[in-house]
Structures are given as structure tokens and as C-alpha cells.
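Welcome! Open your viewer, keep the selection box handy, and let us walk through this structure stop by stop.

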Amino acid sequence: MPYPVEQNEKFAAYAHPERLVSTEWLAAAVESGAVAAGDLVVVESDEDVLLYETGHIPGAVKIDWHTDLNDEVSRDYVNGEAFAELAASKGISRDSTVVIYGDKSNWWAAYALWVFELFGHRDVRLLDGGRDKWVAEGRELTKDRPAPASGNYPVVERDDAPIRAFKDDVLAHLGTGPLIDVRSPEEYTGQRTHMPAYPEEGALRGGHIPTAASIPWARAAAADGTFRNREELEAIYLGEAGLTEGDDVVAYCRIGERSSHTWFALKYLLGFDSVRNYDGSWTEWGNAVRVPIVKGAERGSVPVAVGA
Amino acid sequence: MTTQALPSALAAIVDDFQALSEPERLQLLLEFSEGLPELPDRLKDHPELLEQVVECQSPLFLTVETGTNDDGAVRLFFKAPPEAPTTRGFAGVLHEGLDGLTADEILSVPDDMPELLGLTRAITPLRMRGMTAMLGRIKRKVAAASQAQA
């Protein structure tokens, strides 16, 4: 049974307030025993694979995007069987309410949430502010590993089409719908082929996908890692980026994790019905044969040969 | 894989990792993270004496001291935040494996040593390159200091 939705003024302004919970709300849920009883499943998903082990929210289980959600041999996500097995082993059932949080303002938490949605998991929420806010507030952390009762998860085939874009989808999208590039300005202009402080993971070419607007992912987050309020988000995405209601939007970054954060903001906070995350992102596009790129700060236009 | 070419302390660490299952290896890395010594006071208050290894995904600062000891021992100092345990773990391994060795011994460590820890499946290639970068930085600094003294 779905767990009650948090009601507060900030969330109420969002298109889908049921997709977020606050640290106060989660702390109360932990206190009430709901997490220990398995009524609410809390998942930590971090960029640093050892962070969970140093202490986590009481009762939280760990999901590692790299080893748990990715297929080992194909650059793809796990299939329905593997996901069902993973979910069940974490005490998650098909109707469980799942709350995900993580480091780095929820990059990997948003990514994990997005993968849950590829499998159509109905009730999955983010902890606004993520791990850092919980820690900054001095809330309880434990090293105790929970031993969840096995969940009951059916084998569900992934349905990628509604929220995931592949390279060919993006090629077809060029000139017809907006793209949001959430990488750093240096990556967008092509000055560098990788994110600042990540010099080793590059692409052959630097630049961006033609017509993409540059809105670095962190613009959606306030200083404490929580999402900006609706008014602020509208100023950024409707104002600066020029999105309009009803747009079919594609977001991308380097491998799809930062753009999951933006995908979440566009879909659930601003209420765009059609938002896809291009997880191949720049590591694919910047290396792919016969796809156009644009260098510099201008969005650029679609080359005739591609758009025709 | 052989660990013969490694200095003995580092070879022992590699053997420890190799003897474990993958989840246990991560646990051991966590222990190295917890075991990374604090900076001495003379460095703690002088962050400008340390330099950042930008290849690491999380902030990692280090400095190398050579030639100040009669026995030629190289001393290594690292600083990484507790919220970056993987990076701290790598620093802990390098500290325990290399601190106090001579410049020649450190320069003899193969550049791909981090891969011997058996973590490449559990930890992303990007992160492993962070540790490789840390080792590379140490070796470059040691080499530069050796040349300056020669």
C-alpha cells in the first residue's frame, strides 16, 4: 500500500509533490518504525561506492548503480529478471513506497529513481537535499546493515520509450523539440571534453548537440542541495531555456546521471509530460560517427543533411 | 599477476586484497579509508603546502617530503574528506604501502599497480584512474625531487 504523501507548502507548488519527501518527514517515518517494519523502503544510491558503509539512514538499503543496475556485458540496464531479483533482495515489492537518497545532490539517487521508472515502479520518491542535508542536520546515521525480508517483485519488462532516448531518437528529435545540455559550460562550448575534475573520461570531440540549451544541472539545486522552488525553476527552464508547456524535451549530460536530476525536475516538479533522458549522452554522441556537433556558446542549428 | 616487483609493504597489501572476495575487498578498502592518518599540525594549518590531484572524483590533496631524513625515506601526506571514503581508501593503501620507502623503491612501483587490488569490477574505471593518477603524481614528485638533489 502506498505510504501517505508528504504535504508542505514548497512541495505543493510542484506538479507532482508526491515525488519528494523532506528530511523532517523521513526522520519521522524512521522514528515511527515504518522503515524498520518495511512499510517504507529507503534506498541509498551514491557516487562513492563506500559511502553507505560509513553510515546510512537507519534501515536504508544500498543500491549501487554500477554493479546493481547496469548490465555487465551490454551498455544497458539490467533486464526484468535481474531487476526483480535485486528489488526483492532489498525488501522491495511491486507496491512498495521507495524513497531514494544519495550523495552529490542526489545525482545517482535520481538516476536510480529513473531506472526504477523504466520498470514502471509506481511509487518512488527522492529525499529533497539527499544525503548531505540529512548529515548537515545532524540526523541519525548507522552502520547497521538491515536484513530486509524478501520482497515480492514480479518480472516486468523495461519500457524505455517514454522516458529514455537513444541516439537515433535524438537525431530524429533535432529540429523538432528542445534539448537541454546539463553539463558544465566548458563541456558545452567544447573547451573540454569532460567535466571539470574528471579529466580522464573524455570524448573524441568537444561541443554540444545542435540546438541544445545549456542549463547546468546544479541550477536546479539550491545551496543546501534541495530543489529550487517552482518559481525559480520556471525562471530557469521556461525563461532562460525557453521551454513551453507541452514541449517534448530531451536532457543529456556525460553518461546520463546528472541529466536524471534535470529529468526529474522537468517531469515531476514542472510537470512536463514528455521528458526523456538520453543516457548515451556525450560519451556516445561525442564519439559517434556521422552525428553533428556544435562548438562554442551558441546553440547552433541543425545541419540540412540531418534535419532533412 | 605477480607482486614480486612491488615493495614488500605494498606487495602484502595486494596479497591481502587478492585473497578476499569482492565484497570483502570493499570492506578492506573501507578499513584503509578509516586508517588514513591525520595530517600533522604543521601541514594541517597550511593547506597551501598540499596540492590537489584533480583526476580524483573527490577532493584529494597530497604532499611528498624527500631528502629531509638521513635514511633517504620519502614521507607521504594525504588529505581527503570523510564523505569520500573510496578516495580516502586509495590514499590509505598508498600511504601504508609507500610511506617511508626510498625514492628508488617508490619509482619502481608499476604504474598499473592499482589494478592489482582486484577492484576494477566493483569500482568504476573512472575511480580506478583516480588512484592511478594519485600514484602517478607521487612518482612525478619523487622523481623531480630526486633530480633536484642529484
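## Stop one: the largest nonpolar core

Start by selecting Ile100(A), Leu126(A), Ile180(A), Phe227(A), Tyr237(A), Phe264(A) and Leu266(A): within the largest nonpolar core, which counts 61 residues, these touch the most other members. Next, color α5(A), the element that gives the most to this core, with 11 residues. A second core lies apart from this one; it has 44 residues, and you can find Val49(A), Val14(B), Leu119(B) and Ala133(B) among them. Please keep in mind on every stop that this is a predicted model.

## Stop two: one residue and its helix

Now select Phe264(A) alone. Which residues does Phe264(A) touch, not counting those up to four places away in sequence? Show Arg19(A), Leu20(A), Leu113(A), Leu126(A), Phe227(A) and Leu269(A), and you have the set.

Widen the selection to residues 258–269 of chain A, which make up helix α10. This helix has 12 residues and reaches 16 Å from its first C-alpha to its last, close to the 16 Å expected at 1.5 Å a residue. Is α10(A) mostly covered or exposed? Mostly covered: 12 of its 12 residues are buried. The buried residues include Arg258(A), His261(A) and Lys267(A), as well as Trp263(A) and Tyr268(A). Following α10(A), look for Gly271(A), where phi is positive, near 80 degrees.

## Stop three: two unusual backbone angles

Here is a rule of thumb for this stop: most residues other than glycine have a negative phi. Select Ser105(A), a residue other than glycine whose phi is positive, near 55 degrees. Ser105(A) sits in helix α5 of chain A, residues 103–118. Why does Ser105(A) count as buried? Its relative accessibility is 17%, and buried means under 20%.

Then move to Thr211(A), which is not a glycine either but has a positive phi of about 80 degrees. You will find Thr211(A) in the loop between α8 (185–189) and β7 (213–214) of chain A.

## Stop four: a sheet in chain B

Finally, switch to chain B and show its strands β1, β2 and β3, which form an open sheet in that order with antiparallel pairing. Which strands are at the edges? They are β1 (51–52) and β3 (75–79) of chain B, each pairing on one side only. Zoom in on β1(B) and β2 (residues 61–65) of chain B, an antiparallel pair joined over two bridges. To end the tour, select Gln52(B) together with Phe61(B), its bridge partner in β2(B).

Conventions
Residues numbered from 1 in each chain as written. Chains lettered and ligands numbered in written order. Predicted model: local features only at pLDDT ≥ 70, side-chain atom pairs only at ≥ 80, totals over all residues. Heavy atoms only, no water. Helix = DSSP H or I, 4+ residues; strand = E, 2+ residues; numbered from the N terminus. Expected span 1.5 Å × (residues − 1). Buried < 20%, exposed > 50% of the residue type's maximum accessible area, 1.4 Å probe, protein only. Pairing = 2+ DSSP bridges. Core = buried A, V, L, I, M, F, W, Y, C linked by side-chain atoms within 4.5 Å. Contact = heavy atoms within 4.5 Å.
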